[in-house]
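Student: Got a minute to go through a model with me? I'd like to start with the overall picture and then poke at the details.

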Amino acid sequence: MDLFWLLVVGFFVIALVYASVGFGGGSSYLALLALPVFAIPFPVIRATALCCNLIVVTGGVWIFIKEGKLSWKESWPFLAASVPLAYVGALFPIRERDFFVLLGITLAVAAVVLWFQGSIRTRSPMIQTRQRTLLLGGAIGALSGVVGIGGGIFLSPALHFLGWLDARRIAALASVFILANSASSLVGLAQRGIPALEWPFILPLLLAVLAGGQVGSRLGVSWFSVIYIRKATALLILVAAVNILLEYV
């Protein structure tokens with residue numbers, strides 16, 4: 001099996017694991033695509049990761065809606081600031097070196113967050129305010145647009161820390177948050193101009209995450225314990241982050 005098909009299998013596994021907890025997997029897609037062996041231009045890296053995010057979380061959002069776990073009343077304050085700022089973040093002019101430094105830092109933080117995902121929770125819920133949700137959503141949205149992730153991997157643990165509702169409803173909100181921000185970021189990237197995507201390369205990746213996302217969304221956290229795979233994924237992301245930072249810092 002050559003490197004490309006290993007990449008396809010990796011995307012399938014990532015989509016399965018992340019979809020099971022309401023994420024799209026953007027940080028891990030970026031970590032794999034940024035490997036020097038593939039020599040992919042960084043605008044294409046971002047666009048590919050965002051497309052994969054959209055495919056994975058669309059199925060998850062649909063399942064959460066059918067389960068009655070997704071509340072638009074609870075979701076829109078987080079989206080109100082994040083969606084436009086994700087678009088602005090994607091428009092932000094960034095040099096290749098600066099992008100990879102920011103990506104390395106983001107992946108390192110994401111690895112730590114993923115490692116502790118599920119174990120972060122306050123003893124009592126904190127009072128939610130409109131200002132707090134707008135600030136949190138906006139900050140994560142802006143970072144999402146610049147780097148090329150959906151932002152759910154940062155939103156979800158923040159909501160767990162704040163004691164915001166139950167885990168399944170947090171996963172539902174994270175899914176729609178990733179969907180909206182990924183779409184907004186893609187629009188911003190398209191407006192700036194994305195190099196032509198090579199469909200023989202990207203199509204198998206999209207099909208892999210479609211399959212993995214559907215399996216993961218249906219297994220869910222109540223049916224499939226992903227703690228060990230999640231921690232292994234966190235370690236791999238951390239290794240990728242260190243390699244990127246050593247090369248570009």
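Tutor: Sure, let's take the fold, then a pocket, then one helix.

Student: Is this experimental or predicted, and what secondary structure does the protein chain have?

Tutor: It's a predicted model. The protein chain has ten helices and zero strands.

Student: How much of the protein chain is buried?

Tutor: Of its 249 residues, 53% are buried. The accessible surface is about 11,300 Å², and carbon and sulfur atoms account for 71% of that.

Student: What about contacts between residues at least 6 apart in sequence, how many of those join residues at least 24 apart?

Tutor: 86% of them do.

Student: Switching to pockets. How much space is in the largest pocket?

Tutor: About 290 Å³. It is lined by 15 residues, and I14, L32, T233, L236 and I237 are the closest to its centre.

Student: Which elements give two or more residues to that lining?

Tutor: Those are α1 (3-19), α2 (26-33) and α10 (227-248). The largest share comes from α10, with eight residues.

Student: And what's the lining like by class?

Tutor: Eleven residues are nonpolar, four are polar and none is charged.

Student: OK, new topic: V146. Where is it?

Tutor: V146 sits in helix α6, residues 130-147.

Student: Buried or exposed?

Tutor: V146 is buried, because its relative accessible area is 13% and the cut-off for buried is under 20%.

Student: What does V146 touch, leaving out residues up to four places away in sequence?

Tutor: R46, G89, A90, F92, I94, F99 and L102. As for spacing, V146 and G188 are 42 residues apart in sequence, with their C-alpha atoms 9.8 Å apart in space.

Student: Which other residues of α6 are buried?

Tutor: Besides V146, the buried set in α6 has T133, G137, G138, I140, G141, S144, G145 and V147.

Student: And what covers the buried residues of α6?

Tutor: The cover includes α2, α3 (42-67), α4 (72-91), α5 (96-116), α7 (152-161) and α8 (167-192).

Student: Why does the length of α6 agree with what you'd expect?

Tutor: At 1.5 Å a residue, the 18 residues of α6 should span 26 Å, and the end C-alpha atoms are 26 Å apart, so the two agree.

Student: Last one: what follows α6?

Tutor: G148 does, and its phi is positive, near 105°.

Conventions: Residues are numbered from 1 along each chain as its sequence is written. This is a predicted model: local features need pLDDT of at least 70, side-chain atom pairs count only at pLDDT 80 or more; totals for chains, interfaces and linings use all residues. Side-chain values use heavy atoms; hydrogens and water are left out. On a 1 Å grid over the protein atoms alone, a cavity is a set of points where a 1.4 Å probe fits but cannot get out, and a pocket is an open set with protein on both sides within 12 Å along at least five of seven lines; lining residues have an atom within 4 Å of a point. Grid points are joined across faces, edges and corners, and a volume is the space filled by probe spheres set on the points. Helices (H or I, at least four residues) and strands (E, at least two) are DSSP runs, numbered from the N terminus. Ala, Val, Leu, Ile, Met, Phe, Trp, Tyr, Cys and Pro count as nonpolar, Asp, Glu, Lys and Arg as charged, and the others, Gly among them, as polar. Buried means under 20% relative accessible area, exposed over 50%, partly exposed in between (1.4 Å probe, protein chains only). Contact means heavy atoms within 4.5 Å. Accessible areas come from the Shrake-Rupley method with a 1.4 Å probe; for residues, only the protein chains shown count as cover. The expected span of a helix is 1.5 Å times one less than its number of residues.
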